[in-house]
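User: I'm new to this structure and would like a close look at one part of it. Could you pick a stretch of strands and walk me through how it sits in the rest?

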Amino acid sequence: MSIDDLRSRDIAIVGAGPAGLAVARLLQVQGIPARVLERDAGRDARRQGGSLDLAENAGILALDRMGLLSEFERLSRPAGQATRYLDHNGTVLIDEDAASSVEAEGARPEIDRASLRDMLLDALPHDAVEWGRAVRTITPTGADRYRIETSDHTIVEADLVIGCDGHSSKARPLVTQETATYAGATFVGGDVTHPEPGGLLDRLTGTGTMFALGHAKVIMAQRHGDGSIRVYYAFTSDTAPARDEDMAASQVEVADRLDTTFSDFSPDMRSFFGQIDRDFGWWPLYGVPAEQRWNEHHRLTLVGDAAHIMPPFTGQGVNMALLDAVELVNALTSDQYPTIDAAIRAYESTMLRRMRTAIEETQQAQAVFLSPRGPEQLLDALGEQGRREIS
Ligand SMILES: Cc1cc2nc3c(=O)[nH]c(=O)nc-3n(C[C@H](O)[C@H](O)[C@H](O)COP(=O)(O)OP(=O)(O)OC[C@H]3O[C@@H](n4cnc5c(N)ncnc54)[C@H](O)[C@@H]3O)c2cc1C
């Protein structure tokens, strides 16, 4: 299969998250057009929230291949790598500045999710993403083509479908019967847009991220590029909270419930919740098994969370999504494979092997962060017992 052959095919990418935009950009760099179908009504339809750390051998490598490294360096925050681990009373147990984090884990500069998405969107032609087109069905039509129907009744025909549509992927059922299941933990939180300068939240978060661990729960706070702080309260529960029902509950009602759930944390640590004034929401966490069985399929594949959603405890989700995009486009544009299906099989076999390890690591990290022993298991794992309080 040649690049010219691929250029003449109809390629549909479902979803304009980091995975879909990365695939589109990497194809574009090789002069291969693709249609990107996105559910959101427009690029500003919903706030993107959160900060992501990109690893040198994954997310950063992908941005380099996309020709976006200098833009990433301009927008990313190396100081965001500073990490503090606390106990449930806010006592600092481990205080890693950005330089020691780099030494321990390699460079993983932070970038706001919104900045990453804007950077990827700006790199594409302005009409590359077809907004407001939620894919409803993807149907094989024989002759190795697919018929995609979207919420606005558009019909898109494609020779190759790349499912980058995250958690509830419409493409995934064509590949496997294994669905993502609730991972036993939920995040509730949002942004504190103007943290009080020198206040406890501001001091504990610093330029990076803080985790306060205790009694199978975590309070997490992450600095954004605009100075705001995203606060998450994470706890375990056997069943996923009813997302719609809980979303409808007011922040005050939820605050009351969380005050009870986190009653073994100090009042100061519990008080951050009341400071949230933007993007309040629930994120029941989902994951797929480390060992996935995928059925035979043709001219269709999955990238990013659609392929391997996992809880965020090792910060690998977006990195793996961007690396998938590189490996898929490498396989498709290499002259090593005689057909699109052969290229897809090569990509999937490497990706599924890589993801087995990543998902297992994430499951282990979740058990450590949400340990009933609080931070003790983390301290054992990090081999560090030095305790230091912020004065
Ligand atoms: C609370 C939380 C914190 C996280 N923190 C980190 C972190 O620090 N580091 C990290 O690496 N990862 C983190 N992650 C994970 C990371 O956000 C995901 O792994 C990453 O966004 C995956 O990208 P994606 O493009 O595959 O999927 P998504 O980001 O989910 O994008 C999917 C896109 O598809 C669109 N879509 C969905 N359905 C359809 C449809 N039917 N038709 C058309 N479009 C559709 C969606 O609107 C969306 O734009 C976190 C996740 C959560 C929940």
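**The β13–β14–β15 strands and their surroundings**

Analyst: Let's start at a turn. Two residues separate the strands in the hairpin of β13 and β14, and there His215 takes a positive phi near 50°. Keep in mind that this is a predicted model.

Now for the strands on either side of that turn. Strand β13 covers residues 209-214 and runs antiparallel to β14, with six bridges joining them. One of the pairings is Gly214 with Lys217 in β14.

On to the next hairpin, the one made by β14 and β15. Here five residues lie between the strands, and Gly227 takes a positive phi near 90°. Strand β15 spans residues 229-236, and its pairing with β14 is antiparallel too, over seven bridges. Lys217 turns up again here, with Phe235 as its bridge partner in β15.

So how enclosed is β14 itself? Seven of the seven residues in this strand (residues 217-223) are buried, so β14 is largely enclosed by the rest of the structure. For a residue to count as buried, its relative accessible area has to be under 20%. That goes for both sides of the strand: Lys217, Ile219, Ala221 and Arg223 point one way, Val218, Met220 and Gln222 point the other way, and all are buried.

Let's step back to the domains. The assignment for the protein chain gives domain 2 as 181-288 + 369-382, while domain 1 is 3-77 + 112-180 + 290-366. The C-alpha centres of the two domains lie 29 Å apart.

How do the two domains meet? On the domain 1 side, 23 residues are in contact with 21 residues of domain 2. The area buried between domain 1 and domain 2 comes to about 1,700 Å², and carbon and sulfur atoms give 57% of that. Three residues stand out: Arg47, Phe313 and Gln366 supply 31% of the area that domain 1 buries against domain 2, more than any other three residues. As for polar links, nine residue pairs are in polar contact between domain 1 and domain 2, counting pairs with both residues at pLDDT 80 or more. The rule finds zero salt bridges across this interface. Two elements, α11 (305-308) and α13 (340-369), each give two or more residues to the side of domain 1 that touches domain 2. The largest share of that side comes from α13, with four residues.

For a comparison with β14, have a look at another set of strands. Five of them form an open sheet in the order β7-β2-β1-β11-β17, with parallel pairing. Its edge strands are β7 (129-130) and β17, each of which pairs on one side only.

Moving inwards, β1 and strand β2 (residues 35-37) pair in the parallel sense over three bridges, and Ala12 has Arg35 as its bridge partner in β2. Strand β1 (residues 11-14) is also joined to β11 by four bridges, again running parallel. In that pairing, Val14 stands opposite Gly163 in β11. Strand β11 in turn has three bridges to β17 (residues 300-302), and those two run parallel. There, Val161 is partnered with Leu300 in β17.

Strand β11 (residues 160-163) is covered on both faces, with Leu160 and Ile162 buried on one side and Val161 and Gly163 buried on the other. That gives you a second strand to set beside β14, whose residues are buried whichever way they point.

Methods. Residues are numbered from 1 along each chain as its sequence is written. This is a predicted model: local features need pLDDT of at least 70, side-chain atom pairs count only at pLDDT 80 or more; totals for chains, interfaces and linings use all residues. Side-chain values use heavy atoms; hydrogens and water are left out. Buried means under 20% relative accessible area, exposed over 50%, partly exposed in between (1.4 Å probe, protein chains only). Two strands pair if DSSP finds at least two bridges between them. Domain bounds come from an automatic or database domain assignment. Contact means heavy atoms within 4.5 Å. Buried area is the accessible area (1.4 Å probe) that two parts lose on being put together, summed over both. A salt bridge is a side-chain nitrogen of Lys or Arg within 4 Å of a carboxyl oxygen of Asp or Glu. A polar contact is a pair of N or O atoms within 3.5 Å; within protein, one must be able to donate a hydrogen and the other to accept it, and residues adjacent in sequence count only if both atoms are side-chain atoms.
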